[in-house]
Amino acid sequence: MMASEFVRDRVLALFGDNKFLCAETVVRVVAEAGGRECADVVRAATGFCSGVSRTRGQCGVVTGAIMGIGLYAGRAEEGEDHEVPYAMVQEFLDRFYDRYGAINCYDLIECDFTVPEDKARYREENLRLECYRMAVFAAETALSILREHGYLAEEADHVKSRLAPCGLVCGKCAAFADGPIRRAAETLRRELGENFAEYAARFEPMNPVFAHYPAFAELLGFLAQGSCTGCREQGCLFQACTIADCARSHGADYCFECLEYPCAAHGLPGPLAEIWRRNNDRMRECGAAAWYRKVKDKPRYP
(Lines give C-alpha, C1' and ligand atoms only; values in the text may rest on other atoms or scores of the structure.)
Protein backbone atom coordinates (compact mmCIF):
# COMPACT_ATOMS: atom_id res chain seq x y z
CA MET A 1 0.00 0.00 0.00
CA MET A 2 1.39 3.39 -1.04
CA ALA A 3 1.01 6.03 1.67
CA SER A 4 -0.37 9.37 0.59
CA GLU A 5 1.81 12.46 0.51
CA PHE A 6 -0.43 14.00 3.17
CA VAL A 7 0.17 11.14 5.62
CA ARG A 8 3.94 10.99 5.03
CA ASP A 9 4.36 14.75 5.34
CA ARG A 10 2.18 15.13 8.42
CA VAL A 11 3.81 12.25 10.29
CA LEU A 12 7.22 13.66 9.43
CA ALA A 13 6.18 17.12 10.63
CA LEU A 14 4.58 15.92 13.87
CA PHE A 15 6.67 12.97 15.05
CA GLY A 16 10.05 13.50 16.68
CA ASP A 17 12.09 15.01 19.49
CA ASN A 18 10.28 17.75 21.37
CA LYS A 19 7.24 17.19 19.15
CA PHE A 20 4.50 14.56 19.31
CA LEU A 21 4.96 10.90 20.18
CA CYS A 22 3.67 7.82 18.35
CA ALA A 23 0.03 7.47 19.43
CA GLU A 24 -0.46 11.25 19.51
CA THR A 25 0.90 11.61 15.98
CA VAL A 26 -1.17 8.86 14.39
CA VAL A 27 -4.50 9.84 15.93
CA ARG A 28 -3.89 13.48 15.03
CA VAL A 29 -3.13 12.63 11.39
CA VAL A 30 -6.26 10.46 11.14
CA ALA A 31 -8.35 13.23 12.73
CA GLU A 32 -6.92 15.93 10.47
CA ALA A 33 -7.60 13.87 7.34
CA GLY A 34 -11.32 14.22 7.98
CA GLY A 35 -11.26 17.73 9.41
CA ARG A 36 -12.06 16.57 12.94
CA GLU A 37 -11.18 18.54 16.04
CA CYS A 38 -8.25 16.70 17.55
CA ALA A 39 -6.85 18.51 20.62
CA ASP A 40 -8.75 16.43 23.17
CA VAL A 41 -8.17 13.09 21.48
CA VAL A 42 -4.44 13.84 21.14
CA ARG A 43 -4.32 14.49 24.88
CA ALA A 44 -6.15 11.21 25.48
CA ALA A 45 -3.50 9.40 23.42
CA THR A 46 -0.48 10.59 25.43
CA GLY A 47 -0.53 7.76 27.98
CA PHE A 48 -0.56 5.17 25.20
CA CYS A 49 2.74 6.37 23.73
CA SER A 50 6.03 4.47 24.16
CA GLY A 51 4.34 1.12 24.61
CA VAL A 52 1.67 2.37 27.04
CA SER A 53 3.82 4.73 29.08
CA ARG A 54 7.02 2.62 28.93
CA THR A 55 5.40 -0.62 30.17
CA ARG A 56 6.34 -2.68 27.08
CA GLY A 57 2.66 -2.68 26.16
CA GLN A 58 0.84 -2.21 22.88
CA CYS A 59 2.59 -0.12 20.23
CA GLY A 60 1.51 3.51 20.30
CA VAL A 61 0.97 3.77 16.55
CA VAL A 62 -1.45 0.84 16.81
CA THR A 63 -3.38 2.49 19.64
CA GLY A 64 -3.40 5.84 17.83
CA ALA A 65 -4.86 4.21 14.73
CA ILE A 66 -7.54 2.43 16.77
CA MET A 67 -8.45 5.73 18.42
CA GLY A 68 -8.58 7.36 15.00
CA ILE A 69 -10.99 4.73 13.71
CA GLY A 70 -13.14 5.23 16.79
CA LEU A 71 -13.22 8.97 16.21
CA TYR A 72 -15.31 8.37 13.09
CA ALA A 73 -16.97 4.99 13.64
CA GLY A 74 -17.15 4.76 17.42
CA ARG A 75 -20.21 5.18 19.59
CA ALA A 76 -21.38 8.48 21.07
CA GLU A 77 -24.76 7.42 22.45
CA GLU A 78 -25.99 4.58 24.63
CA GLY A 79 -27.10 1.51 22.77
CA GLU A 80 -25.42 2.33 19.46
CA ASP A 81 -23.98 -0.57 17.49
CA HIS A 82 -20.39 -1.50 18.28
CA GLU A 83 -19.97 -4.40 15.88
CA VAL A 84 -18.91 -2.26 12.93
CA PRO A 85 -16.07 -0.44 14.73
CA TYR A 86 -15.00 -3.75 16.26
CA ALA A 87 -14.77 -5.27 12.80
CA MET A 88 -12.83 -2.29 11.47
CA VAL A 89 -10.33 -2.45 14.33
CA GLN A 90 -9.90 -6.19 13.85
CA GLU A 91 -9.25 -5.54 10.16
CA PHE A 92 -6.63 -2.95 11.02
CA LEU A 93 -4.91 -5.27 13.50
CA ASP A 94 -4.82 -8.06 10.92
CA ARG A 95 -3.18 -5.78 8.37
CA PHE A 96 -0.66 -4.40 10.85
CA TYR A 97 0.23 -7.85 12.15
CA ASP A 98 0.63 -9.17 8.60
CA ARG A 99 3.08 -6.35 7.88
CA TYR A 100 5.11 -6.34 11.11
CA GLY A 101 4.41 -9.65 12.85
CA ALA A 102 3.50 -8.03 16.18
CA ILE A 103 1.48 -5.20 17.72
CA ASN A 104 3.43 -4.89 20.98
CA CYS A 105 6.00 -2.12 21.30
CA TYR A 106 8.78 -4.27 22.76
CA ASP A 107 8.24 -7.06 20.24
CA LEU A 108 8.49 -4.56 17.38
CA ILE A 109 11.65 -2.63 18.33
CA GLU A 110 13.03 -4.66 21.27
CA CYS A 111 13.49 -1.60 23.45
CA ASP A 112 12.47 -1.25 27.08
CA PHE A 113 12.27 2.49 27.60
CA THR A 114 12.83 2.10 31.33
CA VAL A 115 16.31 0.65 30.67
CA PRO A 116 19.01 3.28 29.99
CA GLU A 117 20.91 0.97 27.62
CA ASP A 118 17.81 0.38 25.51
CA LYS A 119 17.04 4.09 25.40
CA ALA A 120 20.61 4.75 24.22
CA ARG A 121 20.35 2.03 21.58
CA TYR A 122 17.07 3.51 20.35
CA ARG A 123 18.91 6.74 19.60
CA GLU A 124 22.17 5.20 18.34
CA GLU A 125 20.46 2.82 15.91
CA ASN A 126 17.95 5.48 14.88
CA LEU A 127 15.02 3.21 15.66
CA ARG A 128 12.80 6.26 15.54
CA LEU A 129 12.97 5.89 11.76
CA GLU A 130 11.31 2.48 12.04
CA CYS A 131 8.69 3.99 14.35
CA TYR A 132 8.10 6.70 11.74
CA ARG A 133 7.55 4.07 9.06
CA MET A 134 5.12 2.17 11.28
CA ALA A 135 3.29 5.41 12.09
CA VAL A 136 2.86 6.16 8.39
CA PHE A 137 1.61 2.63 7.73
CA ALA A 138 -0.78 2.70 10.69
CA ALA A 139 -2.27 6.08 9.80
CA GLU A 140 -2.68 5.23 6.12
CA THR A 141 -4.16 1.82 6.93
CA ALA A 142 -6.68 3.33 9.34
CA LEU A 143 -7.66 5.96 6.77
CA SER A 144 -7.96 3.32 4.06
CA ILE A 145 -10.30 1.21 6.20
CA LEU A 146 -12.40 4.25 7.07
CA ARG A 147 -12.75 5.07 3.37
CA GLU A 148 -13.58 1.50 2.46
CA HIS A 149 -16.39 1.46 5.02
CA GLY A 150 -17.76 4.84 3.93
CA TYR A 151 -16.77 6.85 6.99
CA LEU A 152 -14.28 9.08 5.20
CA ALA A 153 -14.15 10.56 1.72
CA GLU A 154 -11.12 10.44 -0.50
CA GLU A 155 -8.83 13.38 0.20
CA ALA A 156 -9.74 15.23 -3.00
CA ASP A 157 -13.47 14.90 -2.25
CA HIS A 158 -12.99 16.01 1.35
CA VAL A 159 -10.97 19.03 0.31
CA LYS A 160 -13.58 20.00 -2.29
CA SER A 161 -16.32 19.80 0.36
CA ARG A 162 -14.41 22.29 2.52
CA LEU A 163 -12.53 24.49 0.02
CA ALA A 164 -14.44 26.88 -2.24
CA PRO A 165 -13.51 27.45 -5.91
CA CYS A 166 -12.17 30.86 -4.86
CA GLY A 167 -9.70 29.26 -2.44
CA LEU A 168 -11.41 30.31 0.78
CA VAL A 169 -12.19 27.61 3.35
CA CYS A 170 -15.96 27.13 3.47
CA GLY A 171 -15.43 24.82 6.45
CA LYS A 172 -14.36 27.79 8.60
CA CYS A 173 -17.24 30.07 7.55
CA ALA A 174 -19.61 31.29 10.28
CA ALA A 175 -22.54 29.71 8.43
CA PHE A 176 -20.98 26.28 7.78
CA ALA A 177 -22.99 23.46 9.33
CA ASP A 178 -20.03 21.37 10.48
CA GLY A 179 -17.65 24.23 11.17
CA PRO A 180 -15.80 25.14 14.37
CA ILE A 181 -17.67 28.45 14.70
CA ARG A 182 -21.08 26.75 14.73
CA ARG A 183 -19.87 24.10 17.17
CA ALA A 184 -18.33 26.69 19.50
CA ALA A 185 -21.47 28.83 19.40
CA GLU A 186 -23.70 25.84 20.12
CA THR A 187 -21.48 24.85 23.04
CA LEU A 188 -21.59 28.36 24.51
CA ARG A 189 -25.36 28.60 24.09
CA ARG A 190 -25.83 25.22 25.74
CA GLU A 191 -23.54 26.14 28.64
CA LEU A 192 -25.34 29.43 29.24
CA GLY A 193 -28.67 27.65 29.33
CA GLU A 194 -32.13 28.76 28.30
CA ASN A 195 -32.61 31.22 31.18
CA PHE A 196 -29.40 33.23 31.07
CA ALA A 197 -31.29 36.34 29.93
CA GLU A 198 -32.78 36.59 33.42
CA TYR A 199 -29.34 36.37 34.97
CA ALA A 200 -27.94 38.93 32.52
CA ALA A 201 -30.58 41.39 33.71
CA ARG A 202 -29.51 40.77 37.32
CA PHE A 203 -25.83 41.19 36.41
CA GLU A 204 -26.41 44.49 34.59
CA PRO A 205 -26.07 46.68 37.73
CA MET A 206 -22.66 45.06 38.33
CA ASN A 207 -21.52 45.47 34.74
CA PRO A 208 -23.50 47.42 32.13
CA VAL A 209 -22.18 45.18 29.36
CA PHE A 210 -24.94 42.69 30.24
CA ALA A 211 -27.49 45.19 28.92
CA HIS A 212 -26.40 44.05 25.45
CA TYR A 213 -27.12 40.40 26.13
CA PRO A 214 -30.34 40.26 24.03
CA ALA A 215 -28.42 41.34 20.93
CA PHE A 216 -25.60 38.96 21.78
CA ALA A 217 -28.06 36.08 22.26
CA GLU A 218 -29.57 36.79 18.86
CA LEU A 219 -26.15 36.69 17.20
CA LEU A 220 -25.17 33.57 19.15
CA GLY A 221 -28.36 31.87 18.01
CA PHE A 222 -27.55 32.68 14.40
CA LEU A 223 -24.01 31.32 14.71
CA ALA A 224 -25.20 28.17 16.46
CA GLN A 225 -27.69 27.36 13.71
CA GLY A 226 -25.25 27.32 10.81
CA SER A 227 -26.70 25.03 8.16
CA CYS A 228 -24.69 25.80 5.03
CA THR A 229 -22.87 22.87 3.43
CA GLY A 230 -20.64 25.03 1.28
CA CYS A 231 -20.96 27.47 -1.59
CA ARG A 232 -20.81 24.66 -4.16
CA GLU A 233 -24.25 23.54 -3.02
CA GLN A 234 -25.92 26.58 -1.49
CA GLY A 235 -24.10 29.57 -2.90
CA CYS A 236 -21.93 32.17 -1.21
CA LEU A 237 -23.21 34.36 1.63
CA PHE A 238 -21.82 37.26 -0.40
CA GLN A 239 -24.69 37.53 -2.84
CA ALA A 240 -22.74 39.27 -5.61
CA CYS A 241 -20.28 36.34 -5.87
CA THR A 242 -20.80 34.28 -9.03
CA ILE A 243 -17.75 32.06 -8.66
CA ALA A 244 -19.44 28.78 -7.68
CA ASP A 245 -21.91 28.87 -10.59
CA CYS A 246 -19.21 30.02 -12.99
CA ALA A 247 -16.79 27.25 -11.99
CA ARG A 248 -19.56 24.67 -12.28
CA SER A 249 -20.51 25.87 -15.77
CA HIS A 250 -16.89 25.56 -16.89
CA GLY A 251 -16.39 22.11 -15.34
CA ALA A 252 -13.75 23.35 -12.92
CA ASP A 253 -13.43 22.54 -9.23
CA TYR A 254 -11.29 25.64 -8.69
CA CYS A 255 -10.97 28.81 -10.74
CA PHE A 256 -7.30 28.26 -11.57
CA GLU A 257 -8.25 25.06 -13.44
CA CYS A 258 -10.36 27.04 -15.93
CA LEU A 259 -8.86 27.91 -19.31
CA GLU A 260 -10.30 31.42 -18.96
CA TYR A 261 -8.63 32.11 -15.60
CA PRO A 262 -8.04 34.86 -14.61
CA CYS A 263 -11.23 36.57 -15.71
CA ALA A 264 -13.62 39.25 -14.51
CA ALA A 265 -16.64 36.97 -14.04
CA HIS A 266 -16.21 36.57 -10.28
CA GLY A 267 -18.54 39.40 -9.21
CA LEU A 268 -16.24 40.45 -6.37
CA PRO A 269 -15.22 44.00 -5.36
CA GLY A 270 -11.57 45.00 -5.46
CA PRO A 271 -10.21 43.68 -2.13
CA LEU A 272 -12.05 40.34 -2.41
CA ALA A 273 -11.01 40.02 -6.04
CA GLU A 274 -7.39 40.38 -4.97
CA ILE A 275 -7.82 37.59 -2.40
CA TRP A 276 -9.50 35.41 -5.04
CA ARG A 277 -6.62 35.93 -7.46
CA ARG A 278 -3.94 35.40 -4.80
CA ASN A 279 -5.56 32.19 -3.51
CA ASN A 280 -5.95 30.67 -6.96
CA ASP A 281 -2.42 31.59 -8.02
CA ARG A 282 -1.11 29.81 -4.94
CA MET A 283 -3.35 26.78 -5.55
CA ARG A 284 -2.05 26.60 -9.10
CA GLU A 285 1.50 26.50 -7.74
CA CYS A 286 1.05 23.87 -5.01
CA GLY A 287 -2.27 22.13 -5.72
CA ALA A 288 -5.64 22.46 -4.01
CA ALA A 289 -5.00 19.79 -1.36
CA ALA A 290 -1.68 21.30 -0.31
CA TRP A 291 -3.24 24.77 -0.19
CA TYR A 292 -6.09 23.48 1.96
CA ARG A 293 -3.64 21.94 4.43
CA LYS A 294 -1.83 25.29 4.68
CA VAL A 295 -4.91 27.39 5.41
CA LYS A 296 -7.43 25.06 7.10
CA ASP A 297 -6.27 25.83 10.66
CA LYS A 298 -5.96 29.59 10.18
CA PRO A 299 -8.73 31.97 11.35
CA ARG A 300 -11.40 32.44 8.69
CA TYR A 301 -11.68 36.13 9.52
CA PRO A 302 -8.15 37.37 10.29
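**Figure 1. Glu-130 and Arg-133 pair up within helix H9.** Glu-130 counts as partly exposed, at 25% relative accessibility. (Buried means under 20% relative accessible area, exposed over 50%, and partly exposed in between, using a 1.4 Å probe and protein chains only.) Its partner Arg-133 is also partly exposed, with a relative accessible area of 45%. The two form a salt bridge, and their closest N and O atoms are 3.5 Å apart. (A salt bridge is a side-chain nitrogen of Lys or Arg within 4 Å of a carboxyl oxygen of Asp or Glu.) Both residues sit in helix H9, residues 128-148, three residues apart, which is about one turn of the helix. This is a predicted model, in which local features need pLDDT of at least 70 and side-chain atom pairs count only at pLDDT 80 or more, while totals for chains, interfaces and linings use all residues. Residues are numbered from 1 along each chain as its sequence is written, and side-chain values use heavy atoms, with hydrogens and water left out.

**Figure 2. Arg-190 and Glu-186 meet in helix H11.** Their side chains form a salt bridge at 3.9 Å, N to O. The helix covers residues 180-192, and the pair is four residues apart, about one turn. Glu-186 counts as partly exposed at 23% relative accessibility. Elsewhere, Arg-10, Arg-28 and Glu-32 are joined into one network by salt bridges that share partners. The structure holds 19 salt bridges.

**Figure 3. Asp-178 bridges to Arg-183.** The closest N and O atoms of this salt bridge lie 3.2 Å apart. Asp-178 is partly exposed, at 39% relative accessibility. Arg-183 is partly exposed too, at 23%.

**Figure 4. Cys-49 and Cys-111 are free of disulfides.** A search of the whole structure finds zero disulfides. (A disulfide is a pair of cysteine sulfur atoms within 2.5 Å.) Why is Cys-49 not bonded to Cys-22? The sulfur of Cys-22 is the closest cysteine sulfur to that of Cys-49, but at 4.4 Å it is too far for a bond. Cys-111 is in no disulfide either, and its nearest cysteine sulfur, in Cys-105, is 7.8 Å away. Cys-49 is buried, with a relative accessible area of 2%. Cys-111 is buried as well, with a relative accessible area of 2%.

**Figure 5. Five acidic residues form a negative surface patch.** The members are Glu-77, Glu-78, Glu-80, Asp-81 and Glu-83. (Patches are made of residues with over 30% relative accessible area and no salt bridge; like charges are joined within 9 Å, and nonpolar side chains, Val, Leu, Ile, Met, Phe, Trp and Tyr, within 5 Å.) Lys and Arg count as positive, Asp and Glu as negative; His and the chain ends are not counted. The place of a charge is NZ of Lys, CZ of Arg, CG of Asp or CD of Glu. Glu-83 belongs to helix H6, residues 83-100. Glu-83 is partly exposed, with a relative accessible area of 47%.

**Figure 6. Arginines and lysines gather in a patch of positive charge.** Arg-278, Arg-282, Lys-294 and Lys-298 make up this surface patch. Arg-282 lies in helix H16, residues 270-286. Is Arg-282 buried or partly exposed? Arg-282 counts as partly exposed, at 39% relative accessibility. (Accessible areas come from the Shrake-Rupley method with a 1.4 Å probe; for residues, only the protein chains shown count as cover.)

**Figure 7. Val-7 is a buried residue of helix H1.** The helix covers residues 5-14. Val-7 has a relative accessible area of 0%. Arg-128 is 121 residues away from Val-7 in sequence. In space, the two are 17 Å apart, C-alpha to C-alpha.

**Figure 8. Leu-163 occupies a loop.** The loop runs between helix H10 (155-162) and H11. Leu-163 is buried, with a relative accessible area of 0%. Phe-6 is 157 residues from Leu-163 along the chain, and their C-alpha atoms are separated by 16 Å.

**Figure 9. Helices without strands make up the secondary structure counted here.** The protein chain has 17 helices and zero strands. (Helices, H or I with at least four residues, and strands, E with at least two, are DSSP runs numbered from the N terminus.) The C-alpha trace spans about 65 × 60 × 40 Å along its principal axes. Of the 302 residues of the chain, 40% count as buried.

Definitions and conventions
Disulfide = S-S within 2.5 Å.
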